[in-house]
Amino acid sequence: MKVQCVNMLYVIALLFFSLGFALGINSLLVPVLKNVFQLSSTQSYLVLTATYSTFVLFSYPSGVLIQRYGYKRSIIISFVLFAIGLYLYIPSGLYRSFFLFLLASFISGLGNTLLQAAINPYITILGPMRTATRRMCLMTIANRLGWAITPVLLSVFVDIASDRIRLDDIVPPFYAIVIVFVALGLFSCFVPFPELEKDTDGQETPSCSAFTLLRRHPKLFWGIWVLFFYVGIDTLCLVSIVDFAQSIGLENPENYTSLSVLGISLGCILGVIAIPRYVSQENTFKYGIVIALIASLFIPW
């Protein structure tokens with residue numbers, strides 16, 4: 001059973017890497033679209049809005065889909081959405097359509113939301129509960145590695161520091177990216193993902209409303225707020241650094257995503273080492289919030 005859990009963790013890590021890879025595309029698209037369409041920073045970040053609005057709009061439907069079709073089928077559906085969204089980047093570049101870019105980002109975001117909802121629970125169940133945080137840290141590292149690789153890979157085809165960027169330059173790598181995500185979807189068809197709808201007695205877990213869950217588990221309310229701020233800070237740091245590096249004239253701005261990834265990965269490595277041996281998960285929340293608040297004070301400088 002332990003060997004099977006370890007093997008499944010490798011599969012889940014691969015899926016987290018693919019999530020990071022897909023989201024990392026935004027890191028390069030924002031400055032590229034900003035230059036090509038002569039957009040303001042606010043307008044260029046509509047790409048991020050299109051991607052991340054799906055977390056709000058599609059989170060509950062994702063839960064409904066998972067409950068109805070199961071985790072494995074939902075994972076496969078998520079890769080279908082990814083493939084459609086990523087493919088739409090090709091006509092977006094060929095026809096220089098900002099609307100198509102937004103649509104492609106939105107559909108990719110749907111796939112992202114569904115895949116995250118489907119694979120996150122596996123981190124908790126694939127091993128002892130007391131070491132769940134370690135597994136979360138390892139999955140985060142895998143995810144952020146995908147973020148770091150994407151802008152570097154796409155920069156081979158697009159020089160975002162150039163004033164003569166052509167949108168059709170980004171088309172060739174997307175053919176390969178679509179093929180990879182289709183292959184991941186086919187791969188998921190053959191992975192024996194355990195279903196999680198049933199409890200340990202083999203009975204159906206009774207469904208209840210979100211308000212009932214919050215009443216039963218008060219810490220869930222605070223966990224939601226922690227995730228809200230964490231995702232905002234974490235994502236903004238990863239997505240905006242390429243655009244920021246370009247705006248202040250740094251060379252090879254696509255490489256600066258790796259700095260954010262390095263910082264996040266170092267924090268995750270500390271989590272693997274320290275939690276729960278040296279510090280509890282609850283205290284980690286507290287210390288992390290204080291450190292994040294202090295660090296954010298230096299941003300205007």
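In the predicted model, C268 is buried, its relative accessible area being 9%. No disulfide includes C268; the nearest cysteine sulfur belongs to C137 and lies 4.8 Å away. A disulfide requires a pair of cysteine sulfur atoms within 2.5 Å, so the separation of C268 and C137 does not qualify. By this rule, the count of disulfides is zero. Another cysteine, C189, has a relative accessible area of 33%. C189 is therefore classed as partly exposed, whereas C268 is classed as buried.

A second buried position is S92, which lies in helix α5, a helix formed by residues 71-94. The relative accessibility of S92 is 0%, and S92 is therefore counted as buried. Buried here means under 20% relative accessible area. With residues up to four places away in sequence left out, S92 touches S97, L100, F101, A104 and L167. One of these residues, L100, also has its backbone oxygen 3.3 Å from a polar atom of the S92 side chain. L100 thus appears both among the residues touched by S92 and as the residue whose backbone oxygen lies 3.3 Å from a polar side-chain atom of S92.

On the surface, a nonpolar patch of about 720 Å² is made by F221, W222, W225, F228, F229 and I233. Of the residues in this patch, F229 is placed in helix α10, which covers residues 218-247.

Definitions and conventions: Residues are numbered from 1 along each chain as its sequence is written. This is a predicted model: local features need pLDDT of at least 70, side-chain atom pairs count only at pLDDT 80 or more; totals for chains, interfaces and linings use all residues. Side-chain values use heavy atoms; hydrogens and water are left out. Patches are made of residues with over 30% relative accessible area and no salt bridge: like charges are joined within 9 Å, nonpolar side chains (Val, Leu, Ile, Met, Phe, Trp, Tyr) within 5 Å. Accessible areas come from the Shrake-Rupley method with a 1.4 Å probe; for residues, only the protein chains shown count as cover. A salt bridge is a side-chain nitrogen of Lys or Arg within 4 Å of a carboxyl oxygen of Asp or Glu. Helices (H or I, at least four residues) and strands (E, at least two) are DSSP runs, numbered from the N terminus. Buried means under 20% relative accessible area, exposed over 50%, partly exposed in between (1.4 Å probe, protein chains only). A polar contact is a pair of N or O atoms within 3.5 Å; within protein, one must be able to donate a hydrogen and the other to accept it, and residues adjacent in sequence count only if both atoms are side-chain atoms. Contact means heavy atoms within 4.5 Å.
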